[in-house]
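Here's a quick tour of the structure, written for someone who'd rather be at the bench. Have the viewer open as you read.

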Amino acid sequence: MRRIVVVGASLAGLRTAEALRAQGFAGELTLVGDEPHMPYDRPPLSKELRIAPLDVAEDLDARWLIGRRAVGLDIGRRTVALEGGDTAAYDEIGYDGLVIATGTAARQWPGQPLPQGVFTLRGLDDTLALRAELTEGRRLVVVGAGFLGSELAAAARELGLEVTLIEAAEQPLQRAAGSQVGAYVAELHRAAGIALHTGCTVREFRTAPGTDRIGSVTLDDGTSLPADLAVLALGAEPATGWLAGSGLRLGGGVHADAYLRVLRADGVPEPGIVAAGDVVNLPQPLAGGARLALGHWADAVEHAGTAAYSLLNPADPRPHQGIPSFWSDLHGVKFRSVGLPAAADEVRVVELDVASRRVEVTYHFRGRLVGALTARRTGRLAAYRQELAPRVGEFVN
Amino acid sequence: MQITVDMNLCESHGQCVFAAPEIFSFDDEDYLVYEATASDDLLAKAEKAAAVCPVRAIQVHAAAGQGAA
C-alpha cells in the first residue's frame, strides 16, 4: 500500500493516521480536513467554551490538506474529490488505502431561515463566534437539552447569562441517560438558575422589531421568550453526504463491520477502505448487535488502532472490542459512563443524590447489564466495565 | 518504568483505570491514585493508558535501556 488518504482531520482521523505510522506504514500519508484549522479537541468547545489543539505526533510526516472539503468518492477509480483548492491539480486525489473519519455535523433547523444571533455549535469557528456573544446579563435560549445543550447552558449560566433551556422530551438527557438521571439534571439546572422548559418545542424564532436579529423565541404553546441570542443543540448527524452515490452502505453513518472495514451496499467489505470515529455505524454487541453510531470521544481513540490495523493487514484483521464510554461535567457534577445507557430498557438507581453530588446508576437490557453512569463514584465504573468486557466480542463474524 | 500524572490536568475520566488497573485507581472522592514506579511488564498497558487519557495528563518513562516511551 503506497498512498493512504485520511478524510477527516479531527480526533479519529489524526489518531488513525498516527496509528498507521506506529504500525509501520511508511508510504505517502495525506490528511484532508474541511475546516481551516489543524486538529483540535471537540469536548472543550461545549464543556468549557475553550479551544484546545490536539497534539500531533512529531514524526507523523503527513501531507495536510486543510480547508478542503471532500465532496465525492469513486471506489472504482479509487479517488476522492475535493473542493476548495487553489489549483485544479488537487481536485481529485487517488488512494490505495482510505480512512473515512468525517465525523458528524450539527443537525440544522428544519424550518424558517434563521435570524442573526441564532447559532449551532459543532466546530471551532462556531465556538469562537458564540463565545464573543456570551456576555453577562444577556438572555440566551438553548434549544435541546441533550449533553451539548445542557453543557452549553451550564457554561453560559456560569458566565452570568440569563439562560432558558428548551427540551422536547419530558427531561433533559432522557434518551441518553434515562428519566431518573434526567430529573436529577433538571434539578441541577434549576438550582443553578436556568429556566428549564421541557415537553415543548420551538415554533418560531422572531426578529427584534426593525432588525434582522433575534428578539424572541416562540414556543409551541404560544409562550414568547425574549432572547438576545439562541443556540440550536438538536443533535448531530454523521457527515456522509460526500459518500452519496459511492456504492458504500449508508444510513445513520457509514456502515462498517466489527473490523471497521467499510461495507458496500451489497454488504461486502470494500477492500482498502476503513472508517473511524463518529461517522461509523457499527453493530453494538451490548445493544444485541443493533447498529449505532455513538459519537463518543473515547470510541474515536479506540477505533484508530483497529482501523489502521485492518487497513494494513487485510488478510488478518482484528475486531474492535472497545467498550463505549462518555463523560459530561454539569454544574460541578462529573458524570462518567461506560457501556450503552441509551440501549437500556430498565434503569436501576443505586444512588442519585443532589446534596452529595454522588451518582451510581446502572442500565439493563432484557435483564443484562449494558451500562453504568456515576459521579463521585467513578471508582465503581471499573467493575461494571469488567462485567461488560466479555460481551463486546459477541457478534464478531 | 516511571509514571507521572499531571494532577492539575487530571479530570478523573477513568480511562487509565480501565486500561491499566494494576497502576491506576480512584480514592473514595474520585481522585486518581497511581503507582509512580511499576514493573516494565506493564509498559504496554501504561502506554495505552497514556494514549486514551482525554486530557493527556499521563507520561510514561520506560526504564533505562528500554528506550523512551
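Start with one residue pair: Glu167(A) sits opposite Thr198(A), which belongs to β14(A). Keep in mind throughout that this is a predicted model. The two strands behind that pair are β13 of chain A, covering residues 162–167, and β14(A); they run parallel and are joined over 4 bridges.

Now zoom out to the sheet. Chain A has an open sheet of 5 strands with parallel pairing, in the order β11-β18-β12-β13-β14. Why do β11 and β14 of chain A each have one side left without a neighbour in the sheet? Both β11 (118–120) and β14 (195–198) stand at the edges with a single partner strand each, so there is nothing in the sheet on the other side. From one strand to the next, the twist averages 20 degrees. As for what holds such an arrangement together, strands of a sheet pair through backbone hydrogen bonds, either parallel or antiparallel.

There's a helix to look at here too. Helix α4 of chain A (residues 147–158) lies across β12 (139–143), β13 and β18 (229–232) of that chain, and its angle to β13(A) is about 170 degrees.

**Where the chains meet**

Next, turn to chain B. How many residues does each chain bring to the contact? Chain A supplies 23 residues and chain B supplies 16. On the chain B side, Phe18(B), Asp30(B) and Arg56(B) lose the most area to chain A, together accounting for 34% of what that side buries. The area buried between the two chains comes to about 1600 Å², with 48% of it from carbon and sulfur atoms.

For polar chemistry, 9 residue pairs are in polar contact between chain B and chain A, counting pairs with both residues at pLDDT 80 or more. In chain B, the elements that give two or more residues to the side touching chain A are α1 (15–19) and α2 (43–52). Sorted by class, that side of chain B has 7 nonpolar, 3 polar and 6 charged residues.

**Salt bridges**

Over all chains the structure holds 26 salt bridges, and 3 are found across the interface of chain B and chain A. Here are two examples, one between the chains and one inside chain A:

| Salt bridge | N to O distance |
|---|---|
| Glu29(B) and Arg358(A) | 2.7 Å |
| Arg69(A) and Asp34(A) | 3.4 Å |

The Arg69(A) and Asp34(A) pair links distant parts of the chain, 35 residues apart. Arg69(A) is in strand β6 (residues 69–74), while Asp34(A) is in the loop between β2 (28–33) and β3 (40–41) of chain A.

Definitions and conventions:
Residues numbered from 1 in each chain as written. Chains lettered and ligands numbered in written order. Predicted model: local features only at pLDDT ≥ 70, side-chain atom pairs only at ≥ 80, totals over all residues. Heavy atoms only, no water. Contact = heavy atoms within 4.5 Å. Buried area = accessible area lost by both parts, 1.4 Å probe. Salt bridge = Lys/Arg side-chain N within 4 Å of Asp/Glu carboxyl O. Polar contact = N/O pair within 3.5 Å; in protein donor to acceptor, adjacent residues only side chain to side chain. Nonpolar A, V, L, I, M, F, W, Y, C, P; charged D, E, K, R; others polar. Pairing = 2+ DSSP bridges. Axes fitted to C-alpha atoms, helices over the stretch in contact; angles between N-to-C directions.
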